[in-house]
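Colleague: Got a minute? I'd like a quick tour of this structure before class.

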Amino acid sequence: MKRHLSVFTILNYIFLALVGFSMIYPFIYILAYSLNDGKDSMLGALYFLPRKLTLDNYAEVFENARIWQAYKITLARTLLGTLLHVGLSTLMAYALSKKSLPGRSFFAFYIFLPTIFSAGFIPFFITLQKLHLINTFWVYVIPMLFNFMHIVIIRTFLQGIPEELEESARIDGYGDFQIFMRIILPLSGPVLATISLFIGVAHWNDWFTGAYYVSDKSLIPVQTLLQEMLTQAEALSSSMQRSAQQGGQTISASAGGSTPESLRMALLVITVFPILCIYPFLQRYFVKGVMIGSVKG
C-alpha cells in the first residue's frame, strides 16, 4: 500500500509540475522574445532563451511618448479607482451588516438587482453620454465604483467581527464613523486586500472602456494601446514572418532592429510586470479573503 501511495505521490508531483510549467512557459517565451533582436526572432525556433540578446525593444518602447502617457492613465485609474471602490464598498457593506438599518432588505435587493438584469451596450453608452463621461478620465473610474459581490464579501467579513467591540467603543463615546475608522477598518485588512486585488487587476487589465468610450488618444490606457498594437501589427507581422522564413540566412545576417512583434512583446512584459510584483505581497490575504463565508458555523 505504501508502495502504491509513493508511486501516486510521484506521479501527482510530476503532473502538477507539468501543469505549473504550462502556465509559466508563456511568460518565459514572451520575456525571451522581448529580449531578442526583432529581425532574428522572425526566423522562429525561439523557445526559452534569447538568441541575440538586446534591450533595443525596451528602449524603443520607453522612448515612445504615447506609451508613457498610456501608462500614466493606467496607473492613475488603477490607484484612484481601487481606492474609491474599496472605500465606498466598505462603507456600504458596513451599513448593510447592521440589522438595525432601516430598509436593510430593500437596499440589499436594490444593489443586487443590477447584477441580474443588464440593459446592454447601447443603453449603457447612452447613459455615459448623458452623464458627460464619454471621452473623459472619469469613464474609467465611476462605472466601476460598484460591485455587488465585493460588497457581499466585505459584509460577510464584517458580520464576523464581535459586536462587543463596537459596544465597548460606544461606551467610550465613539460614534458610528469613529468606530468604522478606528476599529472596523484596522480589523478588515485581509478582506480589503482581497477586494483591492480584485478591482485593481480589473482596472489594470481593462482595455474595453478605452477602446469604445474614449477617442482622445491622450486618455488611452496602456491595455487599449496594446490591443491597438495587436490589431495593427498582425498583418504586417505575418507578412514579415513569411519574408523572413523565405529569406533565411539573408535576414538573419542583416542588421538588428525592432519589429512590431518584438515591440508588442516588450510592451506586454512592461504591462504585466507591476501586477506580478504586487500579487506575492497580497497572496496571503487573498486566500483568506476568498474563503470568507465558505465555512458556516
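Modeller: We'll go through confidence, cores, salt bridges, a surface patch and two odd loop residues. Keep in mind that this is a predicted model.

Colleague: Fine. What is the average pLDDT of the chain?

Modeller: The chain averages 80. At least 70 is reached by 84% of the residues.

Colleague: Which elements have the lowest and the highest mean pLDDT?

Modeller: Helix H13, residues 249-252, has the lowest mean, 41. Helix H4, residues 65-96, has the highest, 91. Over residues 248-256 the pLDDT is below 50. That stretch has 12 contacts in the model beyond near neighbours in sequence.

Colleague: On to the inside. How many residues are in the largest nonpolar core?

Modeller: It has 31 residues. Those with the most contacts inside this core are Tyr58, Val61, Phe137, Val139, Tyr140, Val214 and Leu267.

Colleague: Which elements give two or more residues to this core?

Modeller: Helices H1 (2-34), H3 (56-63), H4, H12 (222-247) and H14 (260-290) do. H14 gives the most, with six residues.

Colleague: And what else is there, apart from that core?

Modeller: Another core lies apart from it, with 21 residues. Among them are Leu96, Ile151, Ile179 and Ile199. In soluble globular proteins, nonpolar side chains tend to be buried together.

Colleague: Back to Val139. What is Val139 in contact with, leaving aside neighbours within four places in sequence?

Modeller: Val139 is in contact with Leu128, Leu133, Thr209, Tyr213 and Val214.

Colleague: Switching to charges. How many salt bridges does a search of the whole structure find?

Modeller: The search finds five. Side chains of opposite charge can pair when their charged atoms come close.

Colleague: Show me one. What does Glu228 pair with?

Modeller: Glu228 forms a salt bridge with Arg66. Their closest N and O atoms are 2.9 Å apart. Glu228 lies in helix H12 and Arg66 in helix H4, so this pair ties together parts that are 162 residues apart in sequence.

Colleague: Is Glu228 buried or exposed?

Modeller: Glu228 is buried, because its relative accessible area is 15% and the cut-off for buried is under 20%. Arg66 has 33%, so Arg66 is partly exposed.

Colleague: Next one. Which residue forms a salt bridge with Arg77?

Modeller: Asp206 does, with the closest N and O atoms 3.1 Å apart. Arg77 lies in helix H4, and Asp206 lies in the loop between helix H10 (189-205) and H11. The pair therefore ties together parts that are 129 residues apart in sequence.

Colleague: And is Arg77 buried or exposed?

Modeller: Arg77 is buried, with a relative accessible area of 0%. Asp206 also counts as buried, at 14%.

Colleague: One more pair. Where do Lys98 and Glu166 sit?

Modeller: Lys98 is in the loop between H4 and helix H5 (104-116). Glu166 is in helix H8, residues 163-171. They are 68 residues apart, so the salt bridge links distant parts of the chain. Their side chains meet at 2.5 Å, N to O. Lys98 counts as partly exposed at 23% relative accessibility. Glu166 is buried, at 9%.

Colleague: Which residues do shared partners join into one network?

Modeller: Arg66, Lys217 and Glu228 are joined that way, through salt bridges.

Colleague: Now the outside. Which residues make the nonpolar surface patch?

Modeller: Phe121, Ile122, Ile126, Trp207, Phe208 and Tyr212 make it. The patch covers about 580 Å². Helices H6 (121-130) and H11 (208-212) each give two or more residues. The largest share, three residues, comes from H6.

Colleague: Pick one of those. Where is Ile126?

Modeller: Ile126 is in helix H6. At 39% relative accessibility, Ile126 counts as partly exposed.

Colleague: Last topic, the odd loop residues. What is phi of His132?

Modeller: Phi of His132 is near 60 degrees, a positive value in a residue other than glycine. His132 lies in the loop between H6 and helix H7 (148-159). His132 is exposed, with a relative accessible area of 67%.

Colleague: And what about phi of Asn135?

Modeller: Asn135 has a positive phi of about 65 degrees, although it is not a glycine. Asn135 is in the loop between H6 and H7. Its relative accessible area is 29%, so Asn135 is partly exposed.

Notes
Residues are numbered from 1 along each chain as its sequence is written. Side-chain values use heavy atoms; hydrogens and water are left out. Patches are made of residues with over 30% relative accessible area and no salt bridge: like charges are joined within 9 Å, nonpolar side chains (Val, Leu, Ile, Met, Phe, Trp, Tyr) within 5 Å. Accessible areas come from the Shrake-Rupley method with a 1.4 Å probe; for residues, only the protein chains shown count as cover. A salt bridge is a side-chain nitrogen of Lys or Arg within 4 Å of a carboxyl oxygen of Asp or Glu. Helices (H or I, at least four residues) and strands (E, at least two) are DSSP runs, numbered from the N terminus. Buried means under 20% relative accessible area, exposed over 50%, partly exposed in between (1.4 Å probe, protein chains only). pLDDT is the predictor's confidence in each residue, from 0 to 100. Contact means heavy atoms within 4.5 Å. A nonpolar core is a set of buried Ala, Val, Leu, Ile, Met, Phe, Trp, Tyr and Cys residues joined through side-chain atoms within 4.5 Å.
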